[in-house]
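Q: Could you walk me through this fold before I plan my afternoon? I'd like to take it piece by piece.

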Amino acid sequence: MRASERLTWAAGLVDPAPGERVLEVGCGHGVLAALLAARLPDGVVVAVDRSPAMVAAATARNRAAIEAGRVAVLGGPLVAAELPERGFDVVVSFDVRAFWTPPGAEWDVVDRVLAPGGRVVVGFSVMAPDTADRVRAGLRAAAEPRGFAEHAVHRAGTEPLPAAAVELRRAPGG
Ligand SMILES: C[S@@+](CC[C@H](N)C(=O)[O-])C[C@H]1O[C@@H](n2cnc3c(N)ncnc32)[C@H](O)[C@@H]1O
């Protein structure tokens, strides 16, 4: 499978531990879901996308893993997805603006489905010099009121665009 540098980097950053349950929001063509599933022989990746065309593409790309019960692809917006409460150890997204753009209702879902001690990785392409600051400010505005705080910021000199990712976790007492 040909995968972009940014998604290959993101999969390495998430680096799921054996048995972890991963939720990917806005999976697009399902490339990151496939990369994560390949690293996770005994875990599960649930990928959600609101675009029917992307759901079809992600389903086709991950067909073998879906049949093996290691990947599921769900259609519709995250806020409408039926997901188990506290059912995921990791929530990841890449280039999904909803996480740093108001109203931020996706964070209510994250709060509901993330298991205690879980982590959230929000990746993005760095399109301009101020992208990372803008995204981090948007993430803070959306995530902090829901009890999440920035845990780490990662950057990569990927081509054709640099990439970055903010890792968030529940704030102490959050
Ligand atoms: C820019 S694309 C990125 C796709 C993929 N993550 C990647 O990096 O190649 C954003 C994707 O997120 C999906 N999306 C955006 N907001 C969403 C939401 N609230 N719930 C589910 N999917 C969403 C879009 O349909 C689209 O496929």
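Q: Which strands does helix α1 lie across?
A: Helix α1, residues 5-14, lies across β4 (88-94), β5 (114-125), β6 and β7 (163-170), and runs at about 160° to β4. Please keep in mind that this is a predicted model, in which local features need pLDDT of at least 70 and side-chain atom pairs count only at pLDDT 80 or more, while totals for chains, interfaces and linings use all residues. Residues are numbered from 1 along each chain as its sequence is written. Helices (H or I, at least four residues) and strands (E, at least two) are DSSP runs numbered from the N terminus. Axes are lines fitted to C-alpha atoms, for helices over the stretch in contact, with angles from 0 to 180 degrees between N-to-C directions.

Q: And what order do the strands of the sheet come in?
A: The open sheet has seven strands in the order β3-β2-β1-β4-β5-β7-β6, with mixed pairing, where two strands pair if DSSP finds at least two bridges between them. The edges are taken by β3 (71-75) and β6 (148-156), each with a single partner strand, so one side of each is left without a neighbour in the sheet. Neighbouring strands are turned by 20° against each other on average, direction ignored.

Q: Take the β3 edge, then: how many bridges does β3 make with β2, parallel or antiparallel?
A: Strand β2, residues 44-49, pairs with β3 in the parallel sense over five bridges, and one of the bridge partnerships is that of V46 with A72 in β3. Helix α3, residues 52-61, lies across β2 and β3 and runs at about 165° to β3.

Q: What about the other edge, how do β6 and β7 run?
A: They run antiparallel and are joined by eight bridges, with A164 in β7 as the bridge partner of R155. The two strands form a hairpin with six residues between them, and P160 lies in that loop between β6 and β7. The peptide bond joining E159 and P160 is cis, with omega about 5°.

Q: Where else is there a cis peptide bond?
A: Another cis bond joins P102 and P103, with omega about 10°, and P103 lies in the loop between β4 and α5 (106-113).

Q: Back to the helices: at what angle do α1 and α2 cross?
A: The axes of α1 and helix α2, residues 31-38, cross at roughly 40° and come within 9 Å. The two helices are therefore oblique to each other, on a scale where angles under 35 degrees count as roughly parallel, over 145 as roughly antiparallel, 65 to 115 as roughly perpendicular and the rest as oblique.

Q: Which residues meet there?
A: From α1, L7, T8, A10, A11 and V14 meet V31, L32, L35 and L36 in α2, contact meaning that C-beta atoms placed from the backbone lie within 7 Å.

Q: Last topic, the ligand: which residues are closest to it?
A: The closest are G26, G28, S51, L78 and F94, out of 16 residues that surround the ligand; a residue is near a molecule if its C-beta atom, placed from the backbone, lies within 6 Å of it.

Key. Two residues are in contact if their C-beta atoms, placed from the backbone, lie within 7 Å.
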